[in-house]
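User: I am new to this structure and would like a close look at a single part, the place where protein and DNA meet. Please take me through it in one connected answer.

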There are 2 protein chains.
Amino acid sequence: MAVLSFQLNNHLFVRDPQHTQLGQNIISKSVEMIDRLGFEQFTFKKLAEEIESTEASVYRYFENKHRLLLYLVAWYWSWIEYRIDLATNASQPAEERLKTAIDVIVEEKKFDPSFAFVDEVALHRIVVSELDKTYLTKWVDKDNQEGLFGGFKSLCKKIAGIVTEINPKYPYPNSLISTVLLAAKQQAFFSVHLPSLTNVSQDTNGAEQIHSFIKRLVFDTIKS
Amino acid sequence: MAVLSFQLNNHLFVRDPQHTQLGQNIISKSVEMIDRLGFEQFTFKKLAEEIESTEASVYRYFENKHRLLLYLVAWYWSWIEYRIDLATNASQPAEERLKTAIDVIVEEKKFDPSFAFVDEVALHRIVVSELDKTYLTKWVDKDNQEGLFGGFKSLCKKIAGIVTEINPKYPYPNSLISTVLLAAKQQAFFSVHLPSLTNVSQDTNGAEQIHSFIKRLVFDTIKS
DNA sequence: GTGTTTATGATAGTATTACTATTATATTTG
DNA sequence: CAAATATAATAGTAATACTATCATAAACAC
């Protein structure tokens, strides 16, 4: 199996973690720990202990833990976009491509052996719980200027483009896609923690229900 | 003008802040400060300085700053529900009531003199920026058990009920309403900070565009 | 009006966090 | 082999999120 890596905005890190053993340890252990502890309880000190390194060493890869989260989330969106690209091709009708994109966004994640040191299932849970924390900070504007949200913006733009192909007159393609990208995560979260805010069940049907909810939402509004 | 107050879940506070001068100072000053500093930068120590009291005294009203945020957000949702109740009546057709509810959710907020010590405009901005932080924590389940999200759940249920009146066969009323309640906030945030994720402009048309986006989204999907 | 409860203020202290700095020791590279 | 670089080890700092104690002032009960 070919070993792939994503070219991420290099403001996300101080030193690229994909290229060294320590860097890869930082990534894979932090995914596991943020998933287990939650982002607030996760610290570089605890991480350093578990990878048997030091806090100072971790700081040589990431300026702070917020940037590490941004990195992980950027990686996630790159991975999603890559999988949408794999699953679609330009010769398909736009509606087909939009359906596929929604499939990829909502579907239950499985470990992807192309990226050995990233546990995509845990990373998906992290994105569900922590995504909003990447931009709901006092640094949004600065982070945005540095292009740290590029992965999310690029994905949103790509799918919004398909919406416009289907109905060039629909006036809110970006709003629609950003809404459903977030809604997919939120409904998954609610199904576990605040079930009265959703009609999605927590069991294995959940992904399918979110899928059907969102597909209907999108197609109803762009085709009306 | 009659002075009103909301009966909020009493797990939200240690001592009810509406009943004392110090309590009211805590509320109004924390609204101003969280709006100005952001929730992370806001601390009880800074608050105590500004109201010329002490940290220990603030802790006699709120267990911690997370509960204070929950309190403010609960207050906000109670206020929204109250205003929807004012603006609708049971004799109206369901579609009319749903439109009105969306109006109230999206509309630009103005100071409401019925609640003298709360600056609703600032509180609205707080909810836009900080709402997700109320439930994206390791305490969600505990907080939920204590009923601290009651305001949001109650509002969601009420509006979802109207959706079901309009189309009893629509299978996702709660998901739809929780999605649009959050989308209204997110699109407002994006219009300011991440404009490429939205088609809503930052100027005074913004609220109207969000309104039109959401009204169309809701009615298209429940009437299809 | 005295005594008692209750609210607040003043002050101190603790563990944890999010860093920064320095120096020593490996490891890689030229 | 020398020089550069990466990492480890250790220490230190300011801020945060509390907890605890005691004094005083206001309110309220009789």
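Analyst: A polar contact here is a pair of N or O atoms within 3.5 Å. With that cut-off in hand, the DNA surface can be read contact by contact; the model is a predicted one.

Start with DNA strand C. A polar side-chain atom of Glu55(A) lies 3.2 Å from a base nitrogen of this strand, so the pair falls within the 3.5 Å limit for a polar contact. Two residues of the other chain reach the backbone of strand C instead. The side chain of Arg15(B) has an N or O atom 2.8 Å from a phosphate oxygen of DNA strand C, and a polar side-chain atom of Tyr61(B) is 3.0 Å from a phosphate oxygen of DNA strand C.

The wider surroundings of strand C comprise 15 residues, of which Glu55(A), Tyr59(A), Arg15(B), Ser53(B) and Arg60(B) come nearest. Of the atoms of DNA strand C that come within 4 Å of the protein, 67% belong to sugar and phosphate. Helix H3(A) gives the largest share of the surface near DNA strand C, with 3 residues. Sorted by character, the residues of this surface are 4 nonpolar, 5 polar and 6 charged.

Now turn to DNA strand D. It is surrounded by 16 residues, and the closest are Arg15(A), Ser53(A), Glu55(B), Tyr59(B) and Asn64(B). On this strand, an N or O atom in the side chain of Glu55(B) is 3.2 Å from a base nitrogen. Arg60(A) also approaches a base of DNA strand D, with a polar side-chain atom 3.4 Å from a base nitrogen. Ser53(A) reaches the backbone: an N or O atom of its side chain is 2.3 Å from a phosphate oxygen of DNA strand D.

For DNA strand D, 61% of the atoms within 4 Å of the protein belong to sugar or phosphate, and the rest belong to bases. The surface near DNA strand D draws at least two residues from helix H3 (55-59) of chain A and at least two from helix H3 (55-59) of chain B. The largest share, 3 residues, comes from H3(B). By character, the residues near DNA strand D divide into 5 nonpolar, 5 polar and 6 charged.

Behind these two surfaces is the relation between the protein chains. A turn of 180° with a shift of 0.0 Å along the axis lays chain A on chain B with an RMSD of 0.0 Å. That is the relation of a two-fold axis. The same surface serves both copies, as 100% of the contact residues of chain A recur in chain B. The residue of chain A that comes closest to the rotation axis is Asp220(A), with its C-alpha at 2.8 Å.

A last word on the protein interior. Leu155(B) is found in helix H8 (residues 150-166) of chain B, and at 0% relative accessibility Leu155(B) counts as buried. Leaving aside residues up to four places away in sequence, Leu155(B) touches Trp77(B), Ile80(B), Glu81(B), Ile84(B) and Leu181(B). Cys156(B) is buried too, with a relative accessible area of 0%, and Cys156(A) is likewise buried at 0%. The structure holds 0 disulfides over all chains.

Terms used:
Residues are numbered from 1 along each chain as its sequence is written. Chains are lettered from A and ligands numbered from 1 in the order in which they are written. This is a predicted model: local features need pLDDT of at least 70, side-chain atom pairs count only at pLDDT 80 or more; totals for chains, interfaces and linings use all residues. Side-chain values use heavy atoms; hydrogens and water are left out. A disulfide is a pair of cysteine sulfur atoms within 2.5 Å. Buried means under 20% relative accessible area, exposed over 50%, partly exposed in between (1.4 Å probe, protein chains only). A residue is near a molecule or strand if one of its heavy atoms lies within 4 Å of it. A polar contact is a pair of N or O atoms within 3.5 Å; within protein, one must be able to donate a hydrogen and the other to accept it, and residues adjacent in sequence count only if both atoms are side-chain atoms. Helices (H or I, at least four residues) and strands (E, at least two) are DSSP runs, numbered from the N terminus. Ala, Val, Leu, Ile, Met, Phe, Trp, Tyr, Cys and Pro count as nonpolar, Asp, Glu, Lys and Arg as charged, and the others, Gly among them, as polar. Copies are superposed by least squares on the C-alpha atoms of residues with pLDDT of at least 70 in both. Contact means heavy atoms within 4.5 Å.
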